[in-house]
Amino acid sequence: MRPGPAEAVDLVLGDGLADTAKRLKVTRFELLLTTLHVLLRAYGNERPVVAVDLSTRTRASRDLIGPFVNELPVATEPRGTFAEFARWVRGELRAMYAYREVPIARALGGISPRSALAPVSFSYRQRTAPGPVFAGLETRVEWMMANGAVRNTLHLQVVDGPGGPAARLLFNPELLSRDDCARIGEDLCGLLLAAGEHPGAALEDLPLPTRVAAAAQAPRADTGLPAYAEGADAGLIGEVCAIWREVMALDAVEPGDDLFDLGGHSLTITEIIGRVRDRMGVEVPFEVFIDDPTPTGVAAEIAALLGGDAEEDRC
């Protein structure tokens, strides 16, 4: 996923964030991440993935200016009660913190640092000091700054300060409508409130929303071809299946097989990306395997990349 234009919808998370986190014995960051994963699961994501921004600042870099932040993906399978799942998320994060200083683009080949690791991301920052005061001047401090661009479809930004949490959803209007983004914000706040009132409730017993429709898209014409042949021909899909068989040492891979169901993981993806680059001369983005982890989906992306290269050659 590449950077795109950004718009924002402000959220009101309420005053109970700290109390709910304390009762669940998790941090406020862990509570919000848990809620976001439960919400994505309710929208139809069986295994939601959220890219989180983690601080890498140490005592040695405390007084230095710069983006001491690393982004890492967190994948979950929400189940059980909200309290149980929140503590599972806490444990998963604590295990991941051992690698927080390792840039994933450096650890795994074929990943561009500017690419988003997942369609949804989350950043959380605590502010303990009060706002600055400039004598003789009337000022306002913006604790959440946006540069007019977003790398994901949706980004939850939270700054938790002495006056309570300030939050907003940044979204790409080319991929998500403002109305849908506003509804996501309402669903998130409602789910957070319900979790605070009934932390021991099973996830399916919470007031989960229905799936949010994506931004309106033009209907796709019926080509008369089987689904696997749309966007990429059968030969290209066969080449991708062959690469998957080689990398994962499998006897058979079908066009609709899910990479993660086959036992694949991030290192598997990196090796597939490398073999596609060597044989076909295109760089498949890592996030394609998150959006559609099937040979069909990967082949469609390769076909689009090859088509783009052909257009450039004709210019």
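Helices H2 and H3 cross in a right-handed manner, meaning that the near helix is turned clockwise from the far one by less than a right angle. Helices (H or I, at least four residues) and strands (E, at least two) are DSSP runs numbered from the N terminus. This is a predicted model, in which local features need pLDDT of at least 70, side-chain atom pairs count only at pLDDT 80 or more, and totals for chains, interfaces and linings use all residues. Residues are numbered from 1 along each chain as its sequence is written, and side-chain values use heavy atoms, with hydrogens and water left out.

H2 (residues 28-42) and H3 (residues 82-96) pack at about 115°, their axes 9 Å apart; axes are lines fitted to C-alpha atoms, for helices over the stretch in contact, and angles run from 0 to 180 degrees between N-to-C directions. The two helices are therefore roughly perpendicular to each other (65 to 115 degrees). Among the residues in contact (heavy atoms within 4.5 Å) are Phe29 and Leu33 of H2 and Phe85 and Val89 of H3.

Turning to the sheet, six strands make an open, mixed arrangement in the order E2-E8-E7-E5-E3-E4, where two strands pair if DSSP finds at least two bridges between them. Strands E2 (7-11) and E4 (69-75) stand at the edges with a single partner strand each, so one side of each has no neighbour in the sheet. From one strand to the next, the twist averages 25°.

Strands E5 (residues 120-126) and E7 (residues 154-161) pair in the parallel sense over seven bridges, and Tyr124 has Val158 of E7 as its bridge partner. H2 also packs on the sheet, touching E3 (49-55), E4, E5 and E7.

Conventions. Parallel < 35°, antiparallel > 145°, perpendicular 65-115°, else oblique.
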